[in-house]
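Hi everyone, thanks for letting me take the floor. Please have the sequence and the model open, and let's walk through it together.

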Amino acid sequence: MATGRNVMRAVRVSEFGGPEVLKLLSDVLLPNPKENQVLIKVHACGVNPVETYIRSGTHARKPALPYTPGTDVAGVIEAVGEHVTVFKKGDRIFANDTISGGYADYTVAAADTVFPLSDKLDFKQGAAIGIPYFTAFRALFQKGHAKAGETVLVHGASGGVGIAACQIARAYGLKVLGTAGTEEGMNIVLRNGAHKMFNHREADYVDKIKEFSGVQGVDVIIEMLANVNLATDLQLLSPGGRVMIVGSRGPIEINPRDTMMKESSIIGVSLFCATKKLMHECETALLAGIEAGWLKPVVGPEYPLEKVAKAHEHIINSRGALGKMCIKLEHCQVKAVTEMVSWLTKRPFLVLRSLQ
């Protein structure tokens, strides 16, 4: 929180545009949880590509201005609204949606979008669960109908959704192939579920995938950049194969005949379209994955709240993702204690005198 008990720091967007429209304010009113809501002290917030599209005004979803971005948060319950019985102050949690926005010291969320955070995971890992893992599970099973024994190709596997898809697919018995643009990214994915990796910056990487998958081809493709890869994806599919479009940054021309010959499908994926029942299905599977130990988010670049514009630039312009990007919040109370300890260590005579 900032100077008083009723205000906090929060990033506000007052107009759509580039990263420069993200403004950090220190006097934003602290939100109050209403019925069936909770107030969360945010320790970490995930950064997702979709947040850059919404901020720029190019996404179908356009929130009323001004607004605070951010959905995937992890932290501690600060207060609960009426009728909330499953959480209490001090509980460690993660959330896959917020009402007041996650790029802030505190945020309000509906209680049914908040989940207990296992002691096995830290807050940054908690902030990496929401959109990436729920999207990956929805793409694989609710929309892609993947089955154990099938082959899945995760196109762009070293980012948050990609690593999530690899971990989930491996745990559910699929053969997992992935692509990444750097050696480091490929190694990260191999350690997180992939059986085989390909460098999508190599000119012949598609031929290598074809050679590896054989005449059968790939049953499911999880596609992060459809405007670049969709036409190629259709060449890699097995009969009845499915391309799940998780991300796209523009149009692309394809030949519809490529879908006819194999009766393949191109299916868009959006968490915004999932019903509460389907979200609960995702939740149940993912919480079981945390308990079993195979769901382990990989945290990538970290930014303080003051550098959120840099984070938005990085997530779009980076040459290769390396895990889930997050904003790490340092609360004033923690900072003040740290500063006090530092101040006292430079003045040991004060400590000795106080002990006499």
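P66 sits in the loop between α1, residues 49-56, and β4. Helices here are DSSP runs of H or I with at least four residues, strands are runs of E with at least two, and both are numbered from the N terminus. The peptide bond that leads from L65 into P66 is cis, and its omega is near -10°.

Before going on, a word on where this comes from. The model is predicted, so local features need a pLDDT of at least 70 and side-chain atom pairs count only at pLDDT 80 or more, while totals for chains, interfaces and linings use all residues. Residues are numbered from 1 along each chain as its sequence is written, and side-chain values use heavy atoms, with hydrogens and water left out.

Most peptide bonds are trans, and most residues other than glycine have a negative phi. Which way does the phi of H145 go, positive or negative? For H145 phi is positive, near 50°, and this residue is not a glycine. You will find H145 in the loop between α3 and β8, which spans 151-155. H145 counts as partly exposed because its relative accessibility is 49%. The cut-offs are these: buried means under 20% relative accessible area, exposed means over 50%, and partly exposed lies in between, using a 1.4 Å probe and protein chains only. E263 also carries a positive phi, about 50°, without being a glycine. Look for E263 in the loop between α8 (257-260) and β13 (265-268). With 66% relative accessibility, E263 counts as exposed.

Now back to α1. V50 belongs to this helix, and V50 is buried, at a relative accessible area of 17%. Which residues does V50 touch, leaving aside neighbours within four places in sequence? They are H59, I131 and F272, where contact means heavy atoms within 4.5 Å. Along the chain V50 and S248 are 198 residues apart, yet their C-alpha atoms are separated by 9.9 Å. V50 has company, too: E51, T52, I54 and R55 of α1 are buried as well. The cover over the buried residues of α1 includes β1 (7-13), β2 (22-29), β3, α3 and α10 (308-317). Right after α1 comes G57, with a positive phi of about 85°.

Let's follow the strands next. Two strands pair if DSSP finds at least two bridges between them. β3, residues 37-46, and β4, residues 73-80, run antiparallel and are joined by seven bridges. One place to look is C45, whose bridge partner in β4 is V73. From β4 we step to β5, residues 92-95: these two run antiparallel with four bridges. Here V73 turns up again, with A95 as its bridge partner in β5, and A74 has F94. How many bridges then join β5 to β7, residues 114-116? There are three, and the strands run antiparallel. F94 appears once more, with F115 as its bridge partner in β7.

What about the inside? In soluble globular proteins, nonpolar side chains tend to be buried together. A nonpolar core here is a set of buried Ala, Val, Leu, Ile, Met, Phe, Trp, Tyr and Cys residues joined through side-chain atoms within 4.5 Å. The largest core has 81 residues, and I40, F134, V152 and I222 touch the most other members. Its largest share, eight residues, comes from α3. A second, separate core has 15 residues, including L177, Y205, L234 and L236. As for α3 itself, residues 130-143, this helix is mostly covered, with 13 of its 14 residues buried. V152 is in contact with, among others beyond four places in sequence, L140, A169, L174 and I222.

Finally, the record. An unreviewed UniProt entry annotates residues 17-327 as "domain: Enoyl reductase (ER)"; the positions use the numbering used here, feature names are shortened, and annotations may be inferred rather than shown by experiment. Over that range the chain is 31% helix and 26% strand, and the end C-alpha atoms are 20 Å apart.
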